[in-house]
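Visitor: Could you walk me through this model and tell me what stands behind each term?

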Amino acid sequence: MHTDRSGLVAALDIGGTKIAGALVDDHGRLVVRAQRPTPAREDAATVMGAVAQVLEELARAAEWPRVLAVGIGSAGPVDASRGTVSPVNVPGWRAFPLVAAVRERAGGLPVVLVGDGVAMTAAEHWQGAARGRANALCMVVSTGVGGGLVLNGRLHTGPTGNAGHIGHISVDLDGDPCPCGARGCVERIASGPNIARRALDTGWRPDPGGDRSAAAVAAAARAGDAAARASFERAAQALAAGIAATATLVEIEVAVIGGGVAGAGDVLFAPLRERLRDYATLSFASGVEVLPARLGSDAGLVGAAAAAAQELGLWTPPTAG
Ligand SMILES: [Zn+2]
């Protein structure tokens, strides 16, 4: 029987719409939760005020004295080396010193910061589809495309906490300009909004006043709509090229894909597995498996805790399970 005396990590998952918090145990269970909407259009202090409220609510829990550290997964870019965050969707925070601000409100506990893609990767490696895999790429395909890497059995964060950010690898040299400044990025083709945009541009006609999301495009693709199907095939091609590049560079065995767009199921995964054969051609890259993510909306919290536990050596390594 699991003892309830073990240490906990206070996890924060900071995004453009909500700030979620939880106390996470060494089995990945969320024993206490708290959440606030992100005041994303407000100034830096107001956004931090919402984070402080989440922390205060967690700190009122009876379990708080067992907390050993705080793990933060934040929308990026983040800079873990400086302890700052500059989330694209939170303009009030630019190089905001989040680690110092959280440490001050958490009684001086150690604080570990990673990007949200890296956090999701930590979660899938600990509890999900990449469990037991020594080398993996995990991706979130949603409003944007993020990701992270497991190398040699460990979460690979990179110096600033952004390693594995596959959404901004270019897979189309002269492709459309990406908001990041480059061209033809994976995200510019495979994110939900870009899948929907391309489907609309090429003749998909949603019901008047109806849903124009990637989920609606997926439903149309399943119903046989050619433009909807082609847009998902193009997204699958971009993801396949990015996965193949990663497999060739660092010999991943598995690519795990989560996020809302992954909810399209076979509309995405079938062409993705097929196109991967076109790009991952060398013997050591051709065996890479593609799997859907297993953890849902709690992946950010579970992963923030796992990243902190690994960094600080709190729990047994995630691969031990
Ligand atoms: Zn880009």
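Guide: Happily; we will take the domains, then a helix, then a sheet. This is a predicted model, where local features need pLDDT of at least 70, side-chain atom pairs count only at pLDDT 80 or more, and totals for chains, interfaces and linings use all residues. Residues are numbered from 1 along each chain as its sequence is written.

Visitor: What makes the two domains count as touching?

Guide: Domain 1 (8–120 + 298–320) and domain 2 (132–292) have bounds from an automatic or database domain assignment. Contact requires C-beta atoms, placed from the backbone, within 7 Å, and 17 residues of domain 1 meet that with 18 residues of domain 2.

Visitor: How do you know which residues of helix H8 are buried?

Guide: H8 covers residues 266–279; helices are DSSP runs of H or I with at least four residues, strands are E runs of at least two, and both are numbered from the N terminus. A buried residue has 20 or more other C-beta atoms, placed from the backbone, within 10 Å of its own. In H8, Val267, Leu268, Pro271, Leu272, Arg275 and Leu276 are buried. Their cover includes helix H6 (214–222), helix H7 (226–250) and strand S12 (289–292).

Visitor: Why are S10 and S12 called edge strands?

Guide: Pairing takes at least two DSSP bridges between two strands. The open sheet runs S10-S9-S8-S11-S12, with mixed pairing. Strand S10 (154–156) and S12 each have a single partner strand, so one side of each lacks a neighbour in the sheet.

Visitor: What makes S9 and S10 a pair?

Guide: Strand S9 (residues 145–151) and S10 share 3 bridges in the antiparallel sense, so the requirement of at least two is met.

Notes: Expected span 1.5 Å × (residues − 1). Buried ≥ 20, exposed ≤ 12 C-beta atoms within 10 Å, placed from the backbone.
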